[in-house]
Amino acid sequence: MPIEKLGSEALREQLEALPQWTLRDDKLHRELRFADFVEAFGFMSRVALLAERADHHPEWSNVYNRVSIDLTTHDAGGISMRDIEFAAAINRLLD
């Protein structure tokens, strides 16, 4: 079953439950700051384990205590429910 890109209305509804996430360049985007590099890298390690289990990998970068995350489903040509669910899982790691 192919993964479908969310329409604009469905995406807007889903984003209401993810207020920390924004749309940037047709991707879900979040910027995070941590106390230091070790904390940022530890967070990225936990996300990497989630990504492997989900077989859904973020586009991200890290500079010292900052982590920038972009989520999109390339097979769908945009944001899908896989991205929404992954963003919610990342949020749970931060709770």
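**Surface patch, aromatic pairs and helix H3**

Helix H2 (residues 37–54) contributes the most to a nonpolar patch, with three residues. The model is predicted, so that local features need pLDDT of at least 70 and side-chain atom pairs count only at pLDDT 80 or more, while totals for chains, interfaces and linings use all residues. Residues are numbered from 1 along each chain as its sequence is written, and side-chain values use heavy atoms, with hydrogens and water left out.

The patch lies on the surface and is formed by Phe 37, Val 38, Phe 41, Val 63 and Tyr 64, with about 530 Å² of accessible area together. Accessible areas come from the Shrake-Rupley method with a 1.4 Å probe, and for residues only the protein chains shown count as cover. Patch residues have over 30% relative accessible area and no salt bridge (a side-chain nitrogen of Lys or Arg within 4 Å of a carboxyl oxygen of Asp or Glu); nonpolar side chains (Val, Leu, Ile, Met, Phe, Trp, Tyr) are joined within 5 Å, like charges within 9 Å. Val 63 is located in strand E3 (residues 59–63). Helices (H or I, at least four residues) and strands (E, at least two) are DSSP runs, numbered from the N terminus. With a relative accessible area of 46%, Val 63 is partly exposed (between buried, under 20%, and exposed, over 50%; 1.4 Å probe, protein chains only).

Helix H3 (residues 81–94) has 14 residues, and its end C-alpha atoms are 20 Å apart, in agreement with the 20 Å expected at 1.5 Å a residue (1.5 Å times one less than the number of residues). Its buried residues are Asp 83, Ile 84, Phe 86, Ala 87, Ala 89, Ile 90 and Asn 91.
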